[in-house]
Amino acid sequence: MKLTLKIWRQARGAAQGKLVDYKIDNVSEDMSFLEMLDQLNEELTAAGEEPVAFDSDCREGICGTCGVVINGTAHGRGNSPVPTTTCQLHMRSFHDGDTITIEPWKAKAFPVLKDLVVDRTALDRVIQAGGFISVNTGAAPDAHSLLAPKLQSDRAFDNATCIGCGACVAACPNASAMLFTSAKVTHLLNLPQGQPERFLRVKNMVGQHDAEGFGNCTNIGECSAVCPKGIQLESISTLNRDLVWSLFRKDGFTVA
Amino acid sequence: MFYDTVKGGDYRARETNVYRLASVSGNIIDQCVAQGVPFAREYGGLLDTRSFGGVQVQRTFYARGQTGQQLLIGAYQALERQVAAGTVQMFARHEMLELIVKNGVARGIVARDMVTGEVTPYTADAVVLATGGYGNVFFLSTNAMGCNVTAGWRAHRKGAYFGNPCYTQIHPTCIPVHGDNQSKLTLMSESLRNDGRIWVPKKAEDCSKDPRQIPEEDRDYYLERIYPSFGNLVPRDIASRQAKNMCDEGRGVGPVIKEVDADGQEHEVRRGVYLDFSDAISRLGKAGVEAKYGNLFDMYKQITAEDPYEVPMRIYPAVHYTMGGVWVDYDLETTIPGLFVAGEANFSDHGANRLGASALMQGLADGYFVLPNTINDYLADHHDGKLPDNDPAVVEAVNATKAQIDRLLSIKGSRTVDSFHKELGHIMWEYCGMARSEEGLKKAVGMIRELKKEFWRDVNVTGVAEDLNQTLERAGRLVDFFELGELMCIDALHRRESCGGHFRVEYQTEEGEAMRHDDEFAYVAAWEYAGEGGKPILHKEPLVYKAIELKQRSYK
Amino acid sequence: MGVLIGAAGPPIRLLSVATKLVTRDSSRTANNRAVHSTVFRKVLMAVTGLFLILFLLMHMFGNLKLLIPDGGLEEFDEYSHYLRMFLYPVLPPKFFLWVFRLVLLLCAVVHIEAATRLTFRDYDARMGMGRYLKQRYLAGSFAARTMIWSGIIILVGVIFHLLQFTTQTITVGYLGSVAPHLRVILGFQHWWLVLLYAFWVGLVSFHVYHGFYSAFCTLGARVGAFSAKVIKICSVIVALLVFFGFMASPLAILFGLVTA
C-alpha cells in the first residue's frame, strides 16, 4: 500500500520541530508500524537524507522502549483494535492512501532528544523515590515464609505488567504520570512484602512525580484507554486512598 | 536440576558452574519474591509451579507468560533503589565501545554518549560486562533490536578469549517470518508447549489446506511420535531441528517461500508447523486456556491476524539465545584480569544448549550471588589507585574509538547498514544455523570476508558523530558482528561433532539425532584473537565430569 | 551496555552521587511533600466539591417548594426565613446562616484555589497549547476535559445569582426589595432569564457530572470495575437531578403554572 507520512522532525537540542511529509510505497500489511519506519529510513538513507530517529528495542510489546503518537493517539491506539504498543501495531490497521501523522510523546517531563526520541528518565526517578522493596541481596527469607493471597497477588501482577512506556503521560491531557506511578504503588501494596514501606512509598513517589513536573490526574481516563497493558483507573484510585491514609500514619508504620 | 541442566546442555557445560547455579537457584527465587516479583500463587498462598521444556516435573516458578519480564522489573526496581542510595550511577543511553587495558589488566571502558555523541573514558579498578547475547548476528532473531556483541567483542580483541561461539539456541516456538522487511522475530513463551500439540500434515499435499479440514488420522504429531516420554516438551534444540526436518521434507505449513539452497538451486518450501490447542480447549475449556495463555494468544492474533482459539498457531524456530560468549573462569573472570563477564554475555553455564527459564536464573545468579563474592576477592589484591584520563592506555583506547567512528562516517558509500546486516544474517542462518556442514561453513567464512570488505568500501553511514545517530550505532555494532560471524563459522567448522545447539549434518545417528564425540571434543573451545585478518588461536579447556556420567542424551 | 563498577581506592568513590535528582527537594519531609502534592490538592477539591454538591441538593429541595400547590409560596418564604433563624434562640439570629455561608465560601475558595493551581500546573506540564498537531481523544468525556471552563462560567453565574436573589443589586421584573418568592416569580417570567439560567444550570450539572465521579475516584472509592460503574451511574443521576430539579421552578413560572 501507499501512504503519506507526516513525521515530526526535531534536531537535537532544538526547541521546536515541525512535521515533514514523506511518501512511502510498497508497504505490506503484515509489516509492523516500526518496520514501515525502517523501510522509510532505508529509503531516506539511500536518498542521502538523514533517517528518522525513533526508539525501539524488543519489538514484541514488552520492553516499553518504543512509543510514538500516531494520528493523535499514543501507540496508535485509535487505529488498533486492541491495546497495543507501537511495535505491535501492524500496517493492516491502515488503508491504502492513508495519511499518518507521527509525533513524539510530548510533555515537559519528557524532553525530546531528537525526532521521535524522548527522554523518559523522569519515570526512573519516580521509581527511585520508593518503587522498590528495600531488601539486600542474600538477606531474603524463604519465599514460602510469606504467604500471599492468590487474588490479591493477581491484582499486584496486573499492575506489575506496567512497562513504563510513558503512553499514559503522552495521552493525558494534563501530562500526568499518575497511571504509571499508581501501577507501581498498587503492585507493591498488594504484596505482603510491600507492606512495611507501604505508606512512606506512596508519599515519596507522589512527591517525586510532582517534582518531575508531571500534571495532576483529573480522572479523565485517556491514559487507561491507550495503556498497552490495560492498567485501569482503579490503580489511581488506590493510590489516592493510600496517600490519604498515609497522612494519618507515622513514617515507617503500617498501622497508626 | 543440576543433572537436567548438564544433560540439557548436552554435556558441554562446566560441571562445577552448573552445580553452583543449581545450588543458588532457590536463593534467587527467595530474593526475587522479597523484591516484590509477583510470582503466581496457589489459593493457599504458596508459590505455584509448572513444567517447562526439557524437564518432566513441575518445578518452574512462573509469573503468567512473562516471568522473565517480571524478574527484570524486579531487578530494575532493586537497581533504582541503589541509584537513589547513591551506590550506583546510571548512564542511560551510553554504549561501551572499547576496553581500557593497562599492563594486561582491565582498567575501565570507553563509552559513547548516544545522545550527544561524546566519547568518554571511564576508568575503574574492575570492569563487569553484563551485555547480553549476540543472537542479532543473524539479523532476524528474538533478541531485542539493541542486542549486540560489541562490548564482549571489544574485550575479545583486547585479549579475552571467546568461548564456544558456535553454540546458538534456536527456539522452537516463534512466529514465522512474514516477509523481507521483517526486522524482528517474536518469541512466544515456551510454556505453550505444555498444552499445545505440535503437528504437521502426514501428506505434503495437505499442507495448503485449512488445518481444521485435515482429519486427525492425517496429522503427524511428530514430537509425540518420536519422543513418547517427553513428547512436546523435548529440549529446544530437538524441537527446533525436528520442525526444520518436517519442513525440509516438504510438510511445512504457512505461506510458500522461495529459498536458495547451498547448491544455488531455488526451491519452494513452507516454513512453519502447527501448534494446536484444540485438545487443550476441549479439556480445559476456552476460559481455562485463556487464563493460562490469554496474553500469548492475543499477541499472536495481533501479529498474524489469525485467531489461535479457532485456527492452530503456526510456529517456526528462530534464533533465541547464544550459549557461547566471552570465556570466563569459575569466578566469572576472563583471561584479562579485572574483567568479569556475567549473564548471557559469558559462555559458562549452559553448555551446548540451554533449558527453559535458566537464562534468567544464570543472569540473576551471576549478578546476585557470584560476582559480589568474586569481585571482592579480586579487589582485595588490586588497588593501584585511580588511572588518570591522560594515561597512554586511556588515550589510545579513546583515540581508537574515535578513529573507528570517523572511518565509518567517511566512507559515504551507496549501501545501507541494514542491507549489509541482512545479508550477513542470511549467510549465518543458511550455513551456521540449525544444521551446519563443513562445505557450507567454509563457504560462509569466505562470503563473510567478502561482505566485510564490501562494507568497508561501500557502506553509507549518514549523519555526524556528535549527534543522536542511530545509523552510526548500528554500523559500529555490525563491524563486530562480521568478525564474530566469522569466528562462529570457524568454531562450528572445527567442532566435528553434533551437540545441543550445534548440529553438523555429517555427525548424526541413523535416526537423525545429534552424535557427540566425547573422546575428541569434550572441551570448551576458547578462541584467542590474533589480530585483524589473523587466524584465531584455539585453546582447549577440558570438561571433566565427576558427579555426572557422560552419556548420550535421550528424550524418548 | 556495560555496567561500570568503581571500587577500592578511597571507598568514597563508590558512593559518588548518583544521577542528579534535580527535582528532589530534601528540605521537605515525606509527609510535607505529600501534603503539598497534587493528589492532596485533588482530595481537597473532592471534599469541598462534594460539600458544594450537598449544598446544591439542599438548595434544590428548597426551591422545589415553589411547586407545592396551595401554600407553596408561603412555605418558600418561610423556608427562606427559617434559614436565617435556624437554631434561634440558642444562637443569635442569622448566626447559623453566616457560619454556613462562611463554610460555603471557604469550600469555594479552597476548591477554586486548588483548581487554579492545578490548571496552571497542567498547562505547564503539557507545554501549553497545541500540544499535538493532530489530536484525538478516545475515552474522556468532554465534561472531564473542560472542567476548568465550566468552573469559571459557573463562578461568574454564582456571582450574578447572588447579586440577583440575595443582595437584590440586580433586579429583574421589579424594583426595590420584595418577598423572596416574588423575586423568583417576577424574574422568571422573562424568557431570556430562564434561558440564561438553563444554560448556567446546564453547565453546573455538566460540572457536577464529572466532579461527582471524579471526587469519588480521588477519594479512593473506585476499587474495581463494579464500583466504577456504580459511581458513574450515581454521577449521572445526580447531574440529571441537579438540572431538572433546578429548572423545574423557572420553567413552571415561565409557563404560568406558578403565579404570584
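This short presentation covers the overall build of chain A and one helix of chain B, both taken from a predicted model.

Good morning. I shall begin with chain A as a whole. In the model, chain A holds 8 helices and 7 strands. Along the principal axes, its C-alpha atoms fill a box of roughly 65 × 35 × 35 Å. Of the 256 residues in chain A, 66% are buried. The accessible surface of the chain is about 8,000 Å², and carbon and sulfur atoms account for 52% of that surface. As to charge, chain A carries 24 positive and 29 negative charges, and the mean positions of these two sets are 7 Å apart.

Let me turn to the domains. Which residues does the assignment place in each domain of chain A? Domain 1 covers 3-103, while domain 2 is given as 120-134 + 146-246. The C-alpha centres of the two domains of chain A lie 28 Å apart. Between them, 14 residues of domain 1 are in contact with 12 residues of domain 2. For chain A overall, if we take contacts between residues at least 6 apart in sequence, 67% join residues at least 24 apart.

Finally, I come to chain B and its helix α3. This helix runs over residues 67-85, 19 residues in total, and spans 27 Å from its first C-alpha to its last, close to the 27 Å expected at 1.5 Å a residue. The buried residues of α3(B) include B:Leu71, B:Ile73, B:Ala78 and B:Val83. Among them, too, are B:Glu80 and B:Arg81. What follows α3(B)? The helix is followed by B:Gly86, with a positive phi near 90 degrees.

Thank you for your attention.

Methods. Residues numbered from 1 in each chain as written. Chains lettered and ligands numbered in written order. Predicted model: local features only at pLDDT ≥ 70, side-chain atom pairs only at ≥ 80, totals over all residues. Heavy atoms only, no water. Helix = DSSP H or I, 4+ residues; strand = E, 2+ residues; numbered from the N terminus. Expected span 1.5 Å × (residues − 1). Buried < 20%, exposed > 50% of the residue type's maximum accessible area, 1.4 Å probe, protein only. Contact = heavy atoms within 4.5 Å. Areas by Shrake-Rupley, 256 points an atom, 1.4 Å probe, with all protein chains shown as cover. Lys, Arg positive; Asp, Glu negative; His and termini not counted. Charge placed at Lys NZ, Arg CZ, Asp CG, Glu CD. Domains from an automatic or database assignment.
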